[in-house]
Amino acid sequence: MDNKIELIAGRLGIDPRLAYTKKGEPVCEMSVGLVNEQSETIWRKVVTFGKLAEQCSVHLRKGHEIFARGPIILKKFVNRDGLEKEYFELKAFSIGQSLL
């Protein structure tokens, strides 16, 4: 991916999880369900940092409809079986919530 900015909208599948880096920076992880043309749910990992991360953990809950904007990043890791896996993560710099 070339880190292009993307806008996604969907519902939170779980409550946002707030954690802190070793340097004390807040990090919030969310799982957002998007519905495609075939009515299938596709889950996207969304991550925020700093004050936005703290605000997301306070104001957002499972089932809330949100939109998130930021670059898509390809992440790679090796699982317990030694297989290389990869997934896409949206590093959000903007989060909004539906008021309806």
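Here are four short exercises on the structure above, each with a worked solution.

This is a predicted model, in which local features need pLDDT of at least 70, side-chain atom pairs count only at pLDDT 80 or more, and totals for chains, interfaces and linings use all residues. Residues are numbered from 1 along each chain as its sequence is written, and side-chain values use heavy atoms, with hydrogens and water left out.

**Exercise 1: the layout**

Work out how many helices and strands the protein has, and in which order they run.

Start with the ground rule: helices (H or I, at least four residues) and strands (E, at least two) are DSSP runs, numbered from the N terminus. Counting them gives 1 helix and 7 strands. Now walk along from the N terminus, and you get β-β-β-β-α-β-β-β.

**Exercise 2: the helix**

Find which residues of helix α1 are buried, and say why they share a side.

Buried means under 20% relative accessible area, exposed means over 50%, and partly exposed is in between (1.4 Å probe, protein chains only). In α1, which spans residues 50-59, the buried ones are Gly50, Ala53, Cys56 and Ser57. They sit on the same side of α1 because they cover an arc of only 100° around the axis, the arc being that of the directions from the helix axis to the C-beta atoms. The general rule helps here: an α-helix has 3.6 residues a turn, so residues three or four places apart point the same way.

Next, look at the cover: it includes β2 (17-20), β3 (26-35), β4 (41-49) and β7 (94-97). Finally, flip to the face turned away from the buried side, and you meet the exposed Lys51 and Val58.

**Exercise 3: two residues**

Decide for serine 39 and for glutamate 89: buried or exposed?

Take serine 39, in the loop between β3 and β4. Its relative accessibility is 62%, so serine 39 counts as exposed. Its phi is near 60°, a positive value in a residue other than glycine.

Glutamate 89 lies in strand β6, residues 84-91. With a relative accessible area of 8%, glutamate 89 is buried. Setting aside neighbours within four places in sequence, glutamate 89 is in contact (heavy atoms within 4.5 Å) with Lys45, Val47, Pro71, Ile72, Ile73 and Lys75.

**Exercise 4: the whole chain**

Find what share of the protein is buried, and how far its contacts reach along the sequence.

Of the 100 residues, 31% are buried. Then take contacts between residues at least 6 apart in sequence: 55% of these join residues at least 24 apart. To finish, the C-alpha atoms fill a box of roughly 45 × 40 × 25 Å along the principal axes.
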